[in-house]
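Below are my notes on this two-chain model, set out as numbered points for discussion. Please read them alongside the coordinates.

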Amino acid sequence: MIELFKTPNINFLKYKYHAFALSGIIIICGLITYFIRGGFNYSVDFTGGILVQVSFKENISTGKVRALLADAGLGDCTIQRFGERNEYIVKVPLPERKRGELEVGTEEQNEIARKIMNVLMSAEDRKKFTEGFVNLNAISISDLKALLREKLSDEESEKVADKIVEYKNKHKGIITDFSEFEGIGIDKNIVEFLKSKTFLGSVAQTRLEAVGPRVGKELRKRASLAILWSLLAMLVYIAVRFKFQYGLSAVLTLTHDVLITLSFLLFFNREISLEVIAALLTIVGYSINDTIVIFDRVRDNLKLMKKTDLENILNTSINQTLSRTILTSLTVFFVVLILFLFGGRAINDFAFTLFVGVIEGSYSTIYQSCPYILLWEYFFGKKHYGRK
Amino acid sequence: MGKDTWKWILTLIVVIGAIYLAYPPKEKIRLGLDLRGGMHLLLEVVTDDALRMEADHVILRLQDIFKEKLVKFSRITREDPKTIMIEGVDLSQESAIKDAIEQFANEWDYSITGERIRLTLKPNVALYLKEMAVNQAIETIRGRVDELGVAEPVIQKHGADRILVQLPGVDNPERVKNIIQNTALLELKLVVKGPVESKDELLKDYNGVEPPDMEIVKSDPAKSRVQGYYLVKKVAAITGKDIRNARVGKDEFNQPVVNFTLSNQGGKIFEKVTSENIGKPLAIILDGRVISAPIIEAVIRDAGRITGRFTPQEAEDLAIVLRSGALPAGIKYLEERTIGPSLGMDSITKGLRASVISLIIVMAFMVFYYRLSGLNAVIALILNMIILLGVMSYFKATLTLPGIAGVVLTIGMAVDANVLIFERIRENLRLGKSVRASVPEGFRKAWVTILDSNLTTIVAAIFLLQFGTGPVKGFAVTLIIGIVASLFTAVFVSRMIFDFVLSSKKKVEKLSI
C-alpha cells in the first residue's frame, strides 16, 4: 500500500493566526487593487457593449490592430489577443446615452461591427470589393451555394459548398490561398471559377456579441444574488445536518474563498464573465465538500474522544482526513490544470478561477473553517472547548 | 453471485440503456451554440405597442358612436398607452356618454372631471393584452424561423415580455435579425392624391387640415421607385391579416415581386373595393411607408402582387414575413451572440483533448495509488462517463463549452467518493480489522460524508442553474448529472465489485488497496 502519510500528526491549528494574517493580507491587497484599477474587469456580459472576434489571414501585431481601430475613431475599445495566432477580440463599450434609452439598437451594433470589419480589411480587400468580387471568407453558405449554381448542378454545388465551409471552419474561419482547395479535392475548373468571382478576404469575423446595458445590469444583480443565495443555502443545510456554528463557519469560509479568488482575479487582471461566476459558484460547491468531510470527522470524534479538548479533536480530524484531502485536491488540481493548459483560450479565465479556487479551497478548509469553530466555542460554547 | 444478482442486472440495464441512449454521440448529444456555432438572441416585445393599438381602436369606435348619437366633444386623444382623454364634453349628455363607454369601451375605467373624461385601461385587461402580444409574437417568430429552415431552433418566453431565440448554424445573422424584427404591417389603402413633393400640396384642397378619414403617408426611400407623399384613406382596404399566402415571382420586366393570395373574407372585401375603384391607384403600405401605388386595372378577387424596388433577397424576405403574419408589437434586441462555427470546432477539439487527458491522468493516478482497488474506481469512473452521456441524451440537455469543463471537473470530483471510501477501508485495515469487516464498514462510514458533501455541491449547482443561461446552464447540468451518477457508480457499483471479489475467494487475507 502506497501511503502519503503513515499516521500524520501535524499541529495545524498552531498556525491559525498566521493563516488569518495571510488571508487578511491577500484580501486587503485585493481591495487595494480593486480601487487602483477602479473596479473589476467585467466582461461585456456585465457591462453591456459589443465584442467582435476576428481571425486574420496573416500575422498582425496587437499594436497594428490598435492603430487601425484608433484611426477609425474606435480608440476606446479594448483589444485582446485570443489563442495562439492571428486572432483578436475587440471590445467596444456602449456609447453613453440618455436615460430611458437603454438598448443596443440592432442597427447600431451592426454598424459598429461593420465598421470594425471595414477598418481591419486590407487595402487589397477593399479594391477587390469595389471591383465587385465576393469575399469568400465572409460568405454565408446559402450565398455560396447560389454562386456555385452558376457553374454546377444543384446537387454538386451543395456538395462543393459544404466542403469549402467545412474546410474553412476547421481553419479558424479563414482560407489563406486558393491552392488549398486542391487539397480537399475541388475541381480545377471550379477553383478557376471561384477565382474569377471571389477573393479571400484578409480577415474574418468569428464571433459577435452585443449585450444591452439593461441585460448587463440584470446579470450582475443575478450573479451576486446567486452567490448570496447559495451561501445561505449552505448555512441552512449544514446548520440542520450539524450545528449552527458549523454552518456559520462554513459560510464564513466560503465567503473567504470567494474574496480570495476575486482578489486573485484582480491581481492577474482576469475578466469577470458569466463563466467566471459559474467557476466561483463551483468553488463554493467544491470547498464546502472539503469542509464537510472534516466536519463529519469532527462530529464522529466528538463522540469517540469524550475527554479530548476541541483543538485536539480538530487537529486529529484534519490529520485523519489529510490523505483524502490531498488526494482529492490533487486529482481535481490535475484536471483543472489540464483545462487551464489545454482547454483553449475560450475557457481560460474559467479554468484560472477554478485553479485558484482548488488550491485555496483546500487551504481554507483546514485554516479557516476549523479555527472558526474553535473561536465560536471559545466565545460562546465552552462545552467542548477545553474539556478535560 | 447469489444475492447480488439483482445488482448486476440493474447495473447492466443502466449501462446498456445509457449506451443505447448516447450512441452514436455525434448524433445524440446536442451541442450548445458556443460549440456548433449559431445565434442567440434575447428580445423584448414592446408590449405598449399592443396597448397603443387597442387604445387607437377604442378612440375610433368612440368617435363613430358619439357622432352617431350626436354626443358633443371637442377631441379624443391618447395620453399614454393606457389612458384616453375625451375633452370638451357637454355634461348634460352624461348618461349618453356613460352608456356609450360602457357599451363600446367596457374594458376601460372612466372618471369624469368637468368637461373631461379620462379613460384608463383596466389593469387585468392590460396584462392580458400584453401577454397575448408576447404569445402572438412568439408564434409569428416561430413561423418566420421555420420558413428560414433553421434546424432545432429554440424560441421561448423568457420572463414577462422577453423572448429567447436560439438558432444553431445560422451564418447570416443580419438577414435573420431583420426578418425576425420586421413588423411586416402591410396595408393596402386607396390613394386620394399623390405622389407629390410636399405635404402642403396634398392638403391644399382641405384648407391645410388633414380630413379625419384620411392620412398622409410618405414613400419608402429604399423600396419605392417613385418618391413623395400620398394622401390615402385612413381605413385600409386590406391588411396583412387578410393574406393567406405569399410567394416571390417576376413581373413583365423580370423584376422580383411578391404575389399574394387573400383569404376568403379578405377576397370578398377586395373584390368590392376594386370593383368600385377601377382606374384609381391603390397604395401598398409596409410599416407605414408606401412601396408602390399601382392603378387598379380590373376587379381583383383573391390574388394580387406587390411591386417595388426589391432585390431578389428582399422580395423573398418580404414573402416570408407576409406568410408568417405581422408582429403584434415592435421588437427590440437586448442581447445578441453570434458564434461562428470555426470557433466552436476549435473549442470542441480542445475540450475533448482536455477531457481525455484528464481521464487518463486521473485513472493512472488511481491505479498507481490504490492498485487493484484503484482499478475498481476506474471502472466506476468509466461507467460514470457513460451514464452522464446517456442521461444528457435522454433529457436532450445541451453540451456547452463550460459543460465540457463540467465533465472534466466531474472526472476529478467523482473519484472523491472512491478516495473517501478507500481511505476509510485503509484505516480499518490499519486498526487490524479483517478485510471482510473493513470493506463494508469503510463504505458505511464514508457514505454519510459522501452524501453530505455531494448534496451541498448539488445545491450550489442548482443555484447556478437558476442564474445562468446557455453555456453556464450547460455547466450546471453536466455537474449535477455527473455527481448523481458518481453516487451510483462510486458507491453502488464499486461496492458490488468489492463484494464480488471478496465472495469469490474463500479466504481473504490481503486487499490490494
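**Notes on the interface and the two chains**

1. In this predicted model, the contact between the chains draws 64 residues from chain A and 64 residues from chain B. On the side of chain A that touches chain B, the elements giving two or more residues are α4 (106-120), α6 (141-148), α7 (154-170), β6 (203-211), α10 (213-241), α12 and α14 of chain A. Of these, α12(A) supplies the largest share, with 13 residues. Sorted by class, the side of chain A that touches chain B comprises 32 nonpolar, 20 polar and 12 charged residues.

2. The chains are also joined through strand pairing, since β6(A) and strand β18 (residues 331-339) of chain B run antiparallel to each other over five bridges. Within this pairing, A:R207 has B:I339 as its bridge partner, and A:L208 has B:T338. As general background, strands of a sheet pair through backbone hydrogen bonds, either parallel or antiparallel.

3. That pairing belongs to an open sheet of eight strands, with antiparallel pairing, in the order β2(A)-β3(A)-β1(A)-β6(A)-β18(B)-β2(B)-β8(B)-β7(B). At the edges stand β2 (78-81) of chain A and β7 (154-158) of chain B, each of which has a single partner strand, so one side of each is left without a neighbour in the sheet. If direction is ignored, neighbouring strands of this sheet are turned against each other by 20° on average. Helix α7 (residues 173-181) of chain B packs on the sheet, where it touches β6 of chain A as well as β2 (38-45), β8 (162-168) and β18 of chain B, and its direction makes about 155° with that of β18(B).

4. Chain A is divided into domain 1 (12-43 + 212-381), domain 2 (44-105 + 207-211) and domain 3 (126-205). Taken over C-alpha atoms, the centres of domain 1 of chain A and domain 3 of chain A are separated by 52 Å.

5. Is helix α13 (residues 310-320) of chain A largely enclosed or left open by the rest of the structure? Eight of its 11 residues are buried, so helix α13 of chain A is largely enclosed. The buried residues of α13(A) are A:L310, A:E311, A:I313, A:L314, A:N315, A:S317, A:I318 and A:Q320, and what covers them includes α12 (274-304), α14 (322-342) and α15 (348-381) of chain A.

6. Chain B has 14 helices and 19 strands, and 47% of its 513 residues count as buried. Its radius of gyration is 35 Å, whereas a compact globule of 513 residues would have one near 24 Å; the C-alpha atoms of chain B fill a box of roughly 110 × 60 × 35 Å along the principal axes. Among the contacts in chain B with a separation of 6 or more, 71% are between residues 24 or more positions apart.

7. Two local features of chain B may be worth inspecting. Strand β5 (residues 108-113) of chain B pairs with strand β6 (residues 116-121) of chain B in the antiparallel sense over six bridges, one of which links B:D109 to B:T120. These strands form a hairpin with two residues between them, and B:G114 in the turn has a positive phi of about 60°. Elsewhere, B:P294 is found in the loop between β16 (289-292) and β17 (303-306) of chain B, and counts as partly exposed because it has 15 C-beta neighbours inside 10 Å. Beyond its neighbours within four places in sequence, B:P294 is in contact with B:P281, B:L282 and B:T307; the C-alpha atoms of B:P294 and B:L282, 12 residues apart along the chain, are separated by 5.7 Å.

How values were computed
Residues numbered from 1 in each chain as written. Chains lettered and ligands numbered in written order. Predicted model: local features only at pLDDT ≥ 70, side-chain atom pairs only at ≥ 80, totals over all residues. Helix = DSSP H or I, 4+ residues; strand = E, 2+ residues; numbered from the N terminus. Rg over C-alpha atoms; globule rule 2.2 N^0.38 Å. Buried ≥ 20, exposed ≤ 12 C-beta atoms within 10 Å, placed from the backbone. Contact = placed C-beta atoms within 7 Å. Pairing = 2+ DSSP bridges. Domains from an automatic or database assignment. Nonpolar A, V, L, I, M, F, W, Y, C, P; charged D, E, K, R; others polar. Axes fitted to C-alpha atoms, helices over the stretch in contact; angles between N-to-C directions.
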